[in-house]
Amino acid sequence: MSFDLNFDLRQIATSSMILFAVIDIVGSIPIIIGLRNKVGHIQSEKASIVAAIMMVAFLFVGEEILNLIGIDVNSFAVAGAFIIFFLAIEMILGVQLYKDDAAETASIVPLAFPMIAGAGTMTSLLSLRAEYEVENIIVAIIVNIIFVYLVLKSSSRIEKVLGANGIGIIRKVFGVILLAIAVKLFATNINQLF
């Protein structure tokens, strides 16, 4: 029994960085702390596992769902580039373009979905699928979910260490990286449409 796995460190690193920037769990620390104060306790394991399952499932069936409604991956990737672009603008300028109401069951909604495995993440996964091997993206998802879990577990400690300024700087740096990724994603896939 042989598996033809094409693990590529560069693809894993790039996918991990893209997902890290899109999920933006560090930038979400203030939201996580707010939720924790509101509901008392966040189930870090539950949120992480649900988000991971959603991401891997969408990676495999997302394209089939798109085919069902008659959209090709390149079109979705271009749409994804726009979403990533606006997420980057939010992070760099500190404005809120997307507003979401906080729910009572914080571990699944809004933590696992849409904060961790939201529209931006799902779009990024399909966009990555258009360029990279699936196994590398799965490794990137696992790497990110482990990091998400660690951040959820120690969010109050991280807040004390970084402070508001530290979190702000990290958000802006990842915003610029995300902006560059959006431009590259758009440029790569727009040619395929015409």
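User: What places asparagine 189 in helix 8?

Analyst: Asparagine 189 falls inside residues 155–193, the run assigned to helix 8. Helices here are DSSP runs of H or I with at least four residues, numbered from the N terminus. This is a predicted model: local features need pLDDT of at least 70, side-chain atom pairs count only at pLDDT 80 or more, and totals for chains, interfaces and linings use all residues. Residues are numbered from 1 along each chain as its sequence is written, and side-chain values use heavy atoms, with hydrogens and water left out.

User: Why is asparagine 189 called buried or exposed?

Analyst: Buried means under 20% relative accessible area, exposed over 50%, and partly exposed in between (1.4 Å probe, protein chains only). Asparagine 189 has 2% relative accessibility, so it counts as buried.

User: Which residues is asparagine 189 in contact with?

Analyst: Contact means heavy atoms within 4.5 Å. Leaving aside neighbours within four places in sequence, asparagine 189 is in contact with Asn74, Ala77, Val78, Ala130 and Glu131.

User: What is known of valine 78, on the other side of one of those contacts?

Analyst: Valine 78 lies in helix 4, residues 73–93. Its relative accessibility is 8%, so valine 78 counts as buried. Not counting residues up to four places away in sequence, valine 78 touches Phe186, Asn189, Ile190 and Leu193. The C-alpha atoms of valine 78 and glycine 163 are separated by 36 Å, and the two are 85 residues apart along the chain.

User: How do you know that glutamate 45 and lysine 153 meet in a salt bridge?

Analyst: A salt bridge is a side-chain nitrogen of Lys or Arg within 4 Å of a carboxyl oxygen of Asp or Glu. For glutamate 45 and lysine 153 the N to O distance is 3.4 Å, and the pair is a salt bridge. Glutamate 45 lies in helix 3 (residues 44–68) and lysine 153 in helix 7 (residues 134–153), so the pair ties together parts that are 108 residues apart in sequence. At 37% relative accessibility, glutamate 45 is partly exposed. Lysine 153, at 42%, is partly exposed.

User: How many salt bridges does the structure hold?

Analyst: The structure holds 2. One of them joins the side chains of lysine 184 and glutamate 131, at 3.5 Å from N to O. Lysine 184 lies in helix 8 and glutamate 131 in helix 6 (residues 119–131), so this pair ties together parts that are 53 residues apart in sequence. Lysine 184 has 48% relative accessibility and counts as partly exposed. Glutamate 131 has 30% and counts as partly exposed.

User: How do you know that helix 4 reaches close to its expected span?

Analyst: The expected span is 1.5 Å times one less than the number of residues. Helix 4 has 21 residues and reaches 30 Å from first C-alpha to last, close to the 30 Å expected. Its buried residues include Phe76, Ala77, Val78 and Ile84. Among the elements covering them are helix 1 (9–23), helix 3, helix 6 and helix 8. Glycine 94 follows helix 4, with a positive phi near 70°.

User: What about helix 6 and its span?

Analyst: Helix 6 has 13 residues and reaches 19 Å, close to the 18 Å expected. Among its buried residues are Met122, Leu125, Leu126 and Leu128. Their cover includes helix 5 (107–116) and helix 7.

User: What makes the phi of aspartate 24 worth a note?

Analyst: Most residues other than glycine have a negative phi. Aspartate 24 has a positive phi, near 50°, and is a residue other than glycine. Aspartate 24 sits in the loop between helix 1 and helix 2 (29–39). At 10% relative accessibility, aspartate 24 counts as buried.

User: Where does serine 154 lie, and what lies 2.7 Å from its side chain?

Analyst: Serine 154 lies in the loop between helix 7 and helix 8. Its relative accessible area is 16%, so serine 154 is buried. A polar atom of the serine 154 side chain lies 2.7 Å from the backbone oxygen of leucine 150.

User: Why is phenylalanine 60 called partly exposed?

Analyst: Phenylalanine 60 has a relative accessible area of 41%, so it is partly exposed. Phenylalanine 60 is found in helix 3.

Note on methods
Helix = DSSP H or I, 4+ residues; strand = E, 2+ residues; numbered from the N terminus. Polar contact = N/O pair within 3.5 Å; in protein donor to acceptor, adjacent residues only side chain to side chain.
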